[in-house]
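This report looks at one strand, its neighbours and a few residues around them. Please keep the sequence and the 3D view open while reading.

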Amino acid sequence: MAIFHMSFSNISAGKGRSAIASAAYRSGEKLFDDQEGRHYFYARSVMPESFILTPKNAPAWASDREKLWNEVERKDRRANSRYAKEFNVALPVELSEDEQKELLTKYVQENFVDQGMVADVAIHRDHQDNPHAHVMLTNRPFNPDGTWGIKSKKQYILDENGNKMYTGTSKYPKSRKILMVDWDKKEKITEWRHNWAASVNQALEQKSIPDRISEKSFVEQGIADTPMQHEGINSKRHERKAFNQQVKNYRKSKAGYKNMQEKVVNRGHLDSLSKHFSFNEKKVVKELSHELKTYISLESLDDKRRMLFNWKNSTLIKHAVGEDVTKQLL
């Protein structure tokens, strides 16, 4: 059944995140961080399918993942810089892998790349029931000559005579921040979510699949039902870890119980037999047990008694006839 899942987040220096590390993790590639002087690499059992889409004004190096995100971090050096915007989206399982890639590529091209962003796409298929994609997007536009543009500019607030305005005794004039692009507006995220739902529904309709998805909540759709939270690979991993721990605890408890049962039974048999032992015999059995570094169970008790009898006889013979004669007799 097709589901709608699309979440946006920022990869920023203020949260201690790295654009290079993020790209390496999502793509499965080994990338070198110029500023830190180290490589980032995260081994994966299933290699993601990754590619980069660039706008018309982007330079050639923007198609190189390692160079792209190193240039981003080199340009945005502030402690609270936002390196990239990212969204995670669930791909419809009703489509084939090629159809999923075609759908995603067309959507990313029309909604982000054509607007001036570089899109670093990584499709993850670690589990066949959870195909999804991570898309990292640049926050800064390119100038017509391929250089980095500006995200925003400062505009001074002027009075009716065209003079700068001040607040009270402040020496700094009033100003406002003018965004050069509208990529950070809440309305854009709403638009992007709607466009993804429309794209998926169109693809499903072309294949005569009745399922449909919507970016709207159940309340907005007038559906009296409880929404379910998307269960990605991380939640499944936690479930498997918890289940494996339960199995491990059960086996450990069962083995401990069985071992305790065996000890109780063997101890009971030994106590029953040792009732007929003299004090010295009990002492010898105890010392023998320590010397052999083993627990004398019911199964081995007869063997140990024979060993003890033979050693006892051997000792008596040695004292009676001497060690040399004993060796000859043996």
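Two strands are said to pair if DSSP finds at least two bridges between them. The model discussed here is predicted.

**Strand β6 and its partners**

With that definition in hand, β6 and β7 pair in the antiparallel sense over six bridges. In this pairing, A119 of β6 stands opposite L137 in β7. Strand β4 also pairs with β6, again in the antiparallel sense, and here there are five bridges. I52 is the residue that stands opposite D120 of β6. The two pairings are set out below.

| Strand pair | Sense | Bridges |
|---|---|---|
| β4 and β6 | antiparallel | five bridges |
| β6 and β7 | antiparallel | six bridges |

How many residues of β6 are buried? Six of its six residues are, and the strand is mostly covered. The side chains of β6 point two ways: A119, V121 and I123 take one direction, while D120, A122 and H124 take the other, and all are buried.

**D120**

D120 belongs to β6, which spans residues 119-124. Why does D120 count as buried? Its relative accessibility is 4%, and buried means under 20%. The side chain of D120 makes a polar contact with the side chain of R65, at 2.8 Å. Leaving aside residues up to four places away in sequence, D120 touches A23, F51, I52, R65, W69, H134, V135 and M136.

**Helix α2**

Two of the residues that D120 touches, R65 and W69, are also among the buried residues of helix α2, residues 65-75. The others on that list of buried residues are L68, N70, V72 and E73. What do the buried residues of α2 pack against? They pack against helix α1 (19-27) and the strands β2 (31-33), β4 (49-53), β5 (82-90), β6 and β7 (132-138). At the start of α2, a side-chain oxygen of D64 comes to within 3.0 Å of the backbone nitrogen of E66.

**S208**

The last residue to look at is S208, in the loop between α4 (186-206) and α5 (218-221). Is S208 buried or exposed? S208 counts as exposed because its relative accessibility is 64%, and the cut-off for exposed is over 50%. The phi angle of S208 is near 60 degrees, a positive value in a residue other than glycine.

Terms used:
Residues are numbered from 1 along each chain as its sequence is written. This is a predicted model: local features need pLDDT of at least 70, side-chain atom pairs count only at pLDDT 80 or more; totals for chains, interfaces and linings use all residues. Side-chain values use heavy atoms; hydrogens and water are left out. Helices (H or I, at least four residues) and strands (E, at least two) are DSSP runs, numbered from the N terminus. Buried means under 20% relative accessible area, exposed over 50%, partly exposed in between (1.4 Å probe, protein chains only). A polar contact is a pair of N or O atoms within 3.5 Å; within protein, one must be able to donate a hydrogen and the other to accept it, and residues adjacent in sequence count only if both atoms are side-chain atoms. Contact means heavy atoms within 4.5 Å.
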